[in-house]
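Welcome, and take a moment to settle in with the picture that follows. We will walk through it together, one place at a time.

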Amino acid sequence: MPDPIVVMHLRASNFVGGPEKQILEHLRRIDRQCFRPILCSFDNDGRPNGLLQAAEADNIRTLSLRSSSPFHPRLITQLRRLLRDNSVQLLVTHGYKSNIIGYLSSGALGVSQIVYSHGWTGESAKIRCYEFADKQVMKMIQNIVAVSEGHKRQIVAAGIPGDRITVVHNAVFVEKGPHKESIRDLLALPEDAVLVVSAGRLSPEKNFAGFIEAAAPIVRQREKVYFIVLGEGILRRELERQVAAAGLQGRFLLPGFSDNVPALLADADIFVSSSHTEGLPVAVLEGAGAGLPVVATAVGGTPEIVRGGYNGVLVPAGDVAALRQAMEHLLDNPEEAKDMGRRGAALVDEAFNFASQARKLEDLYVRIAGTC
């Protein structure tokens, strides 16, 4: 039998969020007879790297790149040495930093690079500059993975030929049955509370400010409805001020990051995504997979998960009134909402599972590197 194909995934992250979950679950499931997986990330001044720790706990081989600055030329030298010393045949890069450094490192060694694009956020001027550079690099890459058809259209609009792009949808695994952790217990909420939940980084593209604005009149009219955002990020203080200014203390909660979102969602009633932009949001998959009806903005690949009138309600991005009306409709029609939730869970189980994702990625690896 031929030697396994050595596949290295490179991601600049020190925690496990949506994209990191996708990488870890894929590498846990990859066929070890055909592929030898490696996960590489960047050292953060000696601080523990949560992504690499999670990989090591699952016996996934890990490597680190070390530098005092984000794009130091030394990173290219280090990555070339790691690629050469580990006989890497495929380098799969995630995010602008990894994509750029991967491009500058792999070509001279004959290592094939796959850019795995999870979406662009444009959350600040600095990030927009990095993402512009990322798009220029992607124009020179022959193999790109997009996480949704919607994101593929965004990549094509950036000037990249569609025939270089393979769509591999994000996936989730939602554990069925009772969960030890309850969001009601965690936040000391009443048993009869109706919970409207969202999850994601507290950053501009998620538009949690719009979610707070849409929630305010609902809170004033419905004493049993509580709103919760699971996540952490740069906008925490700004969002806390907005919650206080709207008089929503105790009714609109920001409990922080959780590494067990699906378990917490199991105790909720409605999931909301208010984003301005998305690739294919893992949080929405987790919400639908947990059996919740979803109210979401029709951006990126979200309409590939949320099918209006079937398992949720789609609204235009930035339309606060439409977001509020959609939430009110589900609150006023709980049986319809439950039916939507059941249909959403079945859809996620069938179409957004890790087994299907793994097959598509493994087919792509073999197509590029040859038979395993």
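Is N207 buried or exposed? At 14% relative accessibility, N207 counts as buried, because the cut-off for that word is under 20%. Before we go further, please keep in mind that what you are looking at is a predicted model.

Let us stay with N207 for a moment. You will find N207 in the loop between β8 (194–199) and α8. Its backbone has a feature worth a look: the phi of N207 is near 55°, a positive value in a residue other than glycine. Most residues other than glycine have a negative phi. Another residue with this feature is N59, where phi is positive at about 60° although N59 is not a glycine. To see N59, go to the loop between α2 (50–57) and β3 (61–65). Here the surroundings contrast with those of N207: N59 has a relative accessibility of 66% and therefore counts as exposed, whereas N207, at 14%, counts as buried.

From N207 we can step to the helix that follows its loop. Helix α8 covers residues 208–221, and helix α9 covers residues 236–245. How do these two helices lie against each other? They pack at an angle of about 10°, with their axes 10 Å apart. Angles under 35 degrees count as roughly parallel, so that is the word for α8 and α9. On the α8 side, the residues that meet the partner helix are F208, A209, I212 and E213, and on the α9 side they are L239, Q242 and V243. Sorted by character, the residues of this contact are 5 nonpolar, 1 polar and 1 charged.

Just ahead of α9 there is a loop to visit. G233 sits in the loop between β9 (225–230) and α9. With a relative accessible area of 29%, G233 is partly exposed. G233 is 24 residues away from F257 in sequence, and the C-alpha atoms of the two are 8.8 Å apart in space.

Now for a second pair of helices, with another arrangement. Helix α1 (residues 18–29) packs with helix α15 (residues 354–369) at an angle of about 75°, and their axes are 10 Å apart. The range for roughly perpendicular is 65 to 115 degrees, which is why α1 and α15 are described that way. Helix α1 brings Q22, E25, H26 and R29 to the contact, while α15 brings F354, Q357, A358, L361, E362 and Y365. This group divides into 4 nonpolar, 3 polar and 3 charged residues.

Next, please find E278, in the loop between β11 (270–273) and α11 (282–289). The relative accessible area of E278 is 9%, so this residue is buried. Which side chains does E278 join through polar contacts? One partner is K206, with a polar contact of 2.8 Å between the side chains. Another is S275, whose side chain has a polar contact of 2.6 Å with that of E278. If we leave aside neighbours within four places in sequence, E278 is in contact with Q154, K206, S273, V299, G300, G301 and T302.

Q154, one of those contacts, is our next stop. Q154 lies in helix α6 (residues 149–157) and is partly exposed, with a relative accessible area of 27%. Again leaving aside neighbours within four places in sequence, Q154 is in contact with W120, T277, E278 and G300. Q154 and R359 are 205 residues apart in sequence, and their C-alpha atoms lie 24 Å apart in space.

Two more helices round off the walk. In helix α4 (residues 96–106) look for S105, which is buried with a relative accessible area of 0%. Beyond the neighbours within four places in sequence, S105 is in contact with I76, L79, R80 and L83.

Finally, turn to helix α13 (residues 320–332). At 1.5 Å a residue, its 13 residues should span 18 Å, and the end C-alpha atoms are 18 Å apart, so the expected span and the model agree. At the start of α13, a side-chain oxygen of D319 comes within 3.3 Å of the backbone nitrogen of A321. Further along, the buried residues of α13 include L323, A326, M327, E328, L330 and L331.

Technical notes:
Residues numbered from 1 in each chain as written. Predicted model: local features only at pLDDT ≥ 70, side-chain atom pairs only at ≥ 80, totals over all residues. Heavy atoms only, no water. Axes fitted to C-alpha atoms, helices over the stretch in contact; angles between N-to-C directions. Helix = DSSP H or I, 4+ residues; strand = E, 2+ residues; numbered from the N terminus. Parallel < 35°, antiparallel > 145°, perpendicular 65-115°, else oblique. Contact = heavy atoms within 4.5 Å. Nonpolar A, V, L, I, M, F, W, Y, C, P; charged D, E, K, R; others polar. Expected span 1.5 Å × (residues − 1). Buried < 20%, exposed > 50% of the residue type's maximum accessible area, 1.4 Å probe, protein only. Polar contact = N/O pair within 3.5 Å; in protein donor to acceptor, adjacent residues only side chain to side chain.
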